[in-house]
Amino acid sequence: MNWGSASEFFAMGGYGLYVWGSFGVTFAALLVEALLTRKRLADTRRLLRRELAADREALTEHASRRP
Amino acid sequence: MINWFKFASPASFYPLAGKLWPWFAALATAFCAAGLWISFFVAPTDFQQGEGYRIIFIHVPASWMSMFIYCVMAFWAAIGITFNTRLSGMMSAALAPTGALFAFLSLWTGALWGKPMWGAWWVWDARLTSELILFFLYLGYIALTSAIDDPRRADKAGAIVALVGVVNVPIIYFSVKWWNTLHQGASVSLTKAPSMATTMLWGMLLMALAFWMYSIAMSLYRVRAIILEREHHAGWVAELPEMQR
């Protein structure tokens, strides 16, 4: 174990800004990428469901108008 | 024998990717937990750089991934041009944002490491400059493919960028040998013993595995969105369980 206390751990021997700036931004960026990608798939699915529903509606309407 | 061409069809790759990505995400989490533990609690303090060297545990894996993902993109580009398979272009497109992110993180963590150790956030050294070019190649690929409306033509144009740009990868890798750079030489190589403590090496390898698994999970996840966006008029999409209400 390298650290005597939590504050020693966060200080990183004086390199706290650089070390936490690296790890923090990396994990924040990966998290944001994951969330944005999830949103992209969810949005695409929602749009397609709406398109399909509209298509089905148009089809049934067309069928009911037939004599 | 597995019929690989079966999985080259987006209709069968979409559910396969959906089944696979959670496993890779779980592996990424496990490797990341182990890697972070070693990075902060097992690996000793460096005698020259103190605790500042711990940036290595993400800087090197992120740089490796940025180069590796570009090679995988170039591989899919070559397959796409040779066999004219639709999925190849989709795979390249799914990999590009993650590769760009790792290239950015390599530069970002490098700057945060360079400042305390060299006294400069940035120097125009061969290693740093060639990595910056890699970042721009990713951005160029993304910009070019999203500027072309027809996805098949976008794939072809993107494939050219990926294949031409891949010559930059060995330039990055060997830059520290070919030129006199401020950036240090390779810490790990296949031909000689690594120039670092074993626990440091393990931390780095585990973080590299974590980023690798993350990239696979992310590209499989993203390719599903790309498949749906491009195949939205296909019959199989309408029959998907998630499309029924």
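**From chain A into chain B**

Begin by selecting the buried residues of H2(A): they pack against H3, H4, H8 and H9 of chain B. The buried residues to display are Tyr18(A), Val19(A), Ser22(A), Phe23(A), Thr26(A), Leu30(A), Thr37(A) and Leu48(A). The model is a predicted one. Extend the selection to the whole of H2(A), whose 50 residues reach 72 Å from first C-alpha to last, close to the 74 Å expected at 1.5 Å a residue.

Step back from H2(A) into the loop that joins helix H1 (6-11) to H2 of chain A, where Met12(A) is placed. Met12(A) has a positive phi of about 50° although it is not a glycine. Most residues other than glycine have a negative phi. Is Met12(A) buried or exposed? Met12(A) counts as buried, because it has 22 C-beta neighbours inside 10 Å and the threshold for burial is 20 or more.

**The contact between the chains**

Now colour both sides of the contact between the chains: 35 residues of chain B are in contact with 25 residues of chain A. On the chain B side, H3, H4, H8 and helix H9 (235-238) each supply at least two residues. Which helix gives the largest share of that side? The answer is H4(B), with 10 residues. Coloured by class, the side of chain B that touches chain A shows 20 nonpolar, 7 polar and 8 charged residues.

**Chain B as a whole**

Hide chain A and view chain B alone. Its secondary structure comes to 9 helices and 0 strands, so that the elements run α-α-α-α-α-α-α-α-α from the N terminus on. The C-alpha atoms fill a box of roughly 65 × 35 × 35 Å along the principal axes. For 245 residues a compact globule would have a radius of gyration near 18 Å, and the 20 Å of chain B agrees with this. Of the 245 residues, 40% count as buried. Among contacts in chain B with a separation of 6 or more, 78% are between residues 24 or more positions apart.

Next, select residues 13-183 of chain B, which an unreviewed UniProt entry annotates as "domain: Cytochrome c assembly protein". This stretch is 81% helix and 0% strand, and its end C-alpha atoms are 42 Å apart. The UniProt annotation "transmembrane region", also from an unreviewed entry, covers residues 20-43, 55-79, 91-112, 132-148, 160-179 and 199-221 of chain B. Two of these spans can be inspected in turn:

- Residues 55-79 of chain B are 96% helix and 0% strand, with end C-alpha atoms 36 Å apart.
- Residues 199-221 of chain B are 100% helix and 0% strand, with end C-alpha atoms 33 Å apart.

**Helix H8 and the core**

Select helix H8 (residues 198-230) of chain B. At 1.5 Å a residue its 33 residues should span 48 Å, and the 47 Å between its end C-alpha atoms agrees. How many of the 33 residues of H8(B) are buried? The count is 24, so H8(B) is largely enclosed by the rest of the structure.

With H8(B) still displayed, add the largest nonpolar core, a set of 73 residues in which Met73(B) and Ala210(B) have the most contacts. Helix H2 (16-65) of chain A contributes at least two residues to this core, as do helix H2 (10-42), helix H3 (56-83), H4, H5, helix H6 (151-165) and H8 of chain B. The largest share, 19 residues, comes from H8(B). Centre the view on Ala210(B): leaving out residues up to four places away in sequence, Ala210(B) touches Ala28(B), Phe31(B), Cys32(B) and Gly35(B).

**Two loops of chain B**

Move to the loop between H3 and H4 of chain B, which holds Asn84(B). Asn84(B) has a positive phi of about 55° although it is not a glycine. With 12 other C-beta atoms within 10 Å, Asn84(B) is exposed.

Finish at Trp121(B), in the loop between helix H4 (86-118) and helix H5 (126-147) of chain B. Trp121(B) is partly exposed, with 13 other C-beta atoms within 10 Å. Apart from neighbours within four places in sequence, Trp121(B) is in contact with Ala111(B), Gly114(B) and Lys115(B). For a last distance, pick the C-alpha atoms of Trp121(B) and Lys19(B): these residues are 102 residues apart along the chain, and the atoms are separated by 42 Å.

Definitions and conventions
Residues numbered from 1 in each chain as written. Chains lettered and ligands numbered in written order. Predicted model: local features only at pLDDT ≥ 70, side-chain atom pairs only at ≥ 80, totals over all residues. Helix = DSSP H or I, 4+ residues; strand = E, 2+ residues; numbered from the N terminus. Expected span 1.5 Å × (residues − 1). UniProt positions renumbered as here; feature names shortened; annotations may be inferred. Rg over C-alpha atoms; globule rule 2.2 N^0.38 Å. Contact = placed C-beta atoms within 7 Å. Core = buried A, V, L, I, M, F, W, Y, C linked by C-beta atoms within 7 Å. Nonpolar A, V, L, I, M, F, W, Y, C, P; charged D, E, K, R; others polar.
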